[in-house]
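User: I would like to go through this structure by question and answer. Please keep the reasoning short.

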Amino acid sequence: MLPRPGSPPVEWAVSEGLTDYRAAEAAMEARVAAIARGEARERVWLVEHPPLYTAGTSAREADLVAPERFPVHRTGRGGQFTYHGPGQRVAYVMLDLNRRRPDLRLYVSALEAWLIAALEEFTVRGERREDRVGVWVRRPEKGEGVEDKIAAIGIRVRRWVTFHGISLNVEPDLTHFDGIVPCGVRGHGVTSLVDLGRLVSLPEVDAVLRARFEEVFGETVPVSAPG
């Protein structure tokens with residue numbers, strides 16, 4: 001999904017510490033509106049959040065197992081319940097598909113390809129599934145047919161400008177996922193790079209994410225994070 005020739009590079013912003021979820025949503029809303037008006041560049045914004053659950057537009061209340069455990073944020077992104085927290089890299093991807101190709105299925109496939117390429121750098125084989133959005137890892141040591149999710153995707157599009165994005169489990173507390181049925185998928189678990197034995201830091205992951213992003217979506221330029 002490379003942009004049209006001559007398009008400016010995508011801004012690449014990384015926030016330090018933990019970012020309030022509602023503040024992030026407000027910043028995304030403002031940026032997406034500015035991109036749609038032609039007043040701002042596309043942007044990828046990398047954050048960590050404090051522990052929380054988010055509910056997408058398809059979320060089923062039965063999938064919220066422990067509603068009192070962490071704050072629950074209702075959001076307009078697609079998908080069901082997911083968890084965000086320390087040790088998980090969230091990337092909010094704000095791209096103008098009018099400059100690329102206005103095709104949501106292709107866009108989701110490109111996000112998956114980006115994540116799979118990044119995981120390859122850490123010798124982790126991520127895979128996509130036709131019936132499940134996200135990126136999955138086979139866990140034969142746990143039993144035949146066992147798979148764990150390592151990265152989630154939840155997007156929203158307005159006037160063909162994307163927002164929300166992806167989350168990659170680097171070193172989160174995996175027990176925090178127990179309060180929901182992640183993305184409504186029963187019968188499979190969750191994992192992380194550290195759980196798989198890859199002892200990597202967020203800055204290391206960020207560098208790989210940026211390099212692999214440029215292969216799929218085009219050039220980036222570093223900028224200061226919002227706020």
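User: Are Trp45 and Tyr92 buried or exposed?

Analyst: This is a predicted model. Buried stands for a relative accessible area under 20%. Trp45 meets that condition, and Tyr92 does too, so both are buried.

User: What kind of aromatic pair do Trp45 and Tyr92 form?

Analyst: The count of aromatic pairs comes to 10. For Trp45 and Tyr92, the distance is 6.1 Å centre to centre, with 55° between the planes. Planes under 30 degrees apart count as stacked and over 60 as edge-to-face. The angle for Trp45 and Tyr92 fits neither, so the pair is tilted.

User: How many residues apart in sequence are the parts that this pair ties together?

Analyst: Trp45 belongs to strand E2 (residues 43-48). Tyr92 belongs to strand E6 (residues 88-94), so the pair ties together parts whose separation in sequence is 47 residues.

User: Which strands are the edge strands of the open sheet with the order E4-E3-E5?

Analyst: The sheet has three strands and mixed pairing. An edge strand pairs on one side only. That holds for strand E4 (72-74) and strand E5 (81-84).

User: Which strands of this sheet does H1 touch?

Analyst: H1 packs on the sheet, and its direction makes about 20° with that of E4. The strands touched by H1 are E3, E4 and E5.

User: Is Glu25 buried or exposed?

Analyst: Glu25 sits in helix H1 (residues 21-36). Leaving out residues up to four places away in sequence, Glu25 touches Thr75 and His164. Its relative accessible area is 15%, and the cut-off is under 20%, so Glu25 is buried.

Conventions:
Residues numbered from 1 in each chain as written. Predicted model: local features only at pLDDT ≥ 70, side-chain atom pairs only at ≥ 80, totals over all residues. Heavy atoms only, no water. Helix = DSSP H or I, 4+ residues; strand = E, 2+ residues; numbered from the N terminus. Buried < 20%, exposed > 50% of the residue type's maximum accessible area, 1.4 Å probe, protein only. Contact = heavy atoms within 4.5 Å. Pairing = 2+ DSSP bridges. Axes fitted to C-alpha atoms, helices over the stretch in contact; angles between N-to-C directions. Phe/Tyr/Trp six-rings, centres within 6.5 Å; stacked < 30°, edge-to-face > 60°.
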